[in-house]
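Me: Hi! I'd like to talk through the charged side chains of a model with you. Could you have a look at it with me?

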Amino acid sequence: GSASLRYDCTSPPRIVASPSPLPLPMRSSALQVLLGVATAAVSCALQARTSRMTMSLNPFNKPSGVSRPADFEAPEPRPLSVTRGEWLPVVATGTLALAARLGSGVFVAGWRPRLTLSSNVAEDEYALKFGPVALQDSSAALVNPPRPVKDLVLYEYEASPFARKVREAMAILDLTVILKPCPGARQGFAKELERKGGKMTVPFLVDPNTGVSMYESDDIINYLFDTYGPGRDQVPFLLKGPLAVQSAAYAAAARGFAGSRMLPNARPDNMNMKPIELWGYEASPFVRPVREKLSELGLAHRLVNCPRGSANRDKLQQMTGRFQVPYIRDPNTGVEMFESPEICEYLEKVYTV
């Protein structure tokens, strides 16, 4: 018999005996075998490199490994209601945290309220109605602001007073941001933060629209107001100086510094999940426990800010038929839901082991 070449890229090329339909001339068989071995080796190397590049460029090319709970049923939305007795302390301490920050982040920059008749409000417009009268609001400072085309990215964690200032600034400027939790600046996305910025310190902003990346909360706030707002001279005093840091620390203390550590039973692959979309704003005592839970689970989330005067309130009204926060859309499972207690329970059920 004669020799022919067989190979696959899971093992080194090898020569095996097999029938060949055409005999190889003796003088050229050795050269052909050597050329075949070399071709096989190059082919395998190129295939391995392509595979590694594909995995690197497509971090979500594998299934997330999570699914909608079998018994899941979206709760009925009940706006401005504490639906469970055990949730009263959660809302009360969240309200205390809001008071410690003197309401920072409740209103957009240049907040402008106006009264109108309820009958004048379209169904797809948000308004707070009091019988025949309705309150609508907008922003005088953000009428035609430059808006980022790509979402900003912020590395932070819930209890950090410095990160809290930046999140409040983003709410005031009505910005949408992808938040990547780094509990205690050592867990969650902390390693990724260190690779991008060189150190594990929060907050750290990445703006893909301008190529800017930066640490330091005051510098970040000034940058945001200069780039996407009315300018750094319009930064509210509640975001400046020692008072801002101290009161933000008191706000974290009011909630027992929740969000400072990851839960021990959080799924180890949570950092690979697609960002969960969260509609809300920093000052809301109903949104805060959801943010804390996302931080403790190490889950990236796309925060669509909608404080008073935000254009996003109309968008949520159009999308769901109502305005109520928190509201989440989870691309990993397809779940969409309102109600803070049920959202927290859902997150724990799906994203722990």
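Me: Which residues are linked in a network of salt bridges?

Reply: Happy to help! This is a predicted model, where local features need pLDDT of at least 70, side-chain atom pairs count only at pLDDT 80 or more, and totals for chains, interfaces and linings use all residues. Residues are numbered from 1 along each chain as its sequence is written, and side-chain values use heavy atoms, with hydrogens and water left out. With a salt bridge taken as a side-chain nitrogen of Lys or Arg within 4 Å of a carboxyl oxygen of Asp or Glu, the linked residues are Glu 156, Glu 158, Arg 164, Arg 167, Glu 282, Arg 288 and Arg 291.

Me: Are Glu 158 and Arg 167 buried or exposed?

Reply: These two form a salt bridge, their closest N and O atoms being 3.6 Å apart. Buried means under 20% relative accessible area, exposed over 50% and partly exposed in between (1.4 Å probe, protein chains only). By that cut-off, Glu 158 and Arg 167 are both buried.

Me: How many residues apart are Glu 342 and Arg 78?

Reply: Glu 342 forms a salt bridge with Arg 78, with 3.8 Å between the closest N and O atoms. Glu 342 lies in helix H9 (residues 340-350), while Arg 78 sits in the loop between helix H1 (26-57) and helix H2 (88-100); helices (H or I, at least four residues) and strands (E, at least two) are DSSP runs, numbered from the N terminus. Glu 342 is buried at 14% relative accessible area, whereas Arg 78 is partly exposed at 36%. The pair links distant parts of the chain, and the two residues are apart by 264 residues.

Me: Which strands hold Glu 277 and Arg 302?

Reply: Glu 277 forms a salt bridge with Arg 302, the closest N and O atoms being 2.9 Å apart. Glu 277 is buried, with a relative accessible area of 12%, and Arg 302 is partly exposed at 26%. Glu 277 and Arg 302, 25 residues apart, lie in strand E10 (residues 276-280) and strand E11 (residues 301-305), respectively.

Me: How many salt bridges does the structure hold?

Reply: In general, side chains of opposite charge can pair when their charged atoms come close. In this structure, the number of salt bridges is 25.

Me: What percentage of the residues in the protein chain is buried?

Reply: The protein chain has nine helices and 13 strands. Of its 353 residues, the buried ones make up 47%.
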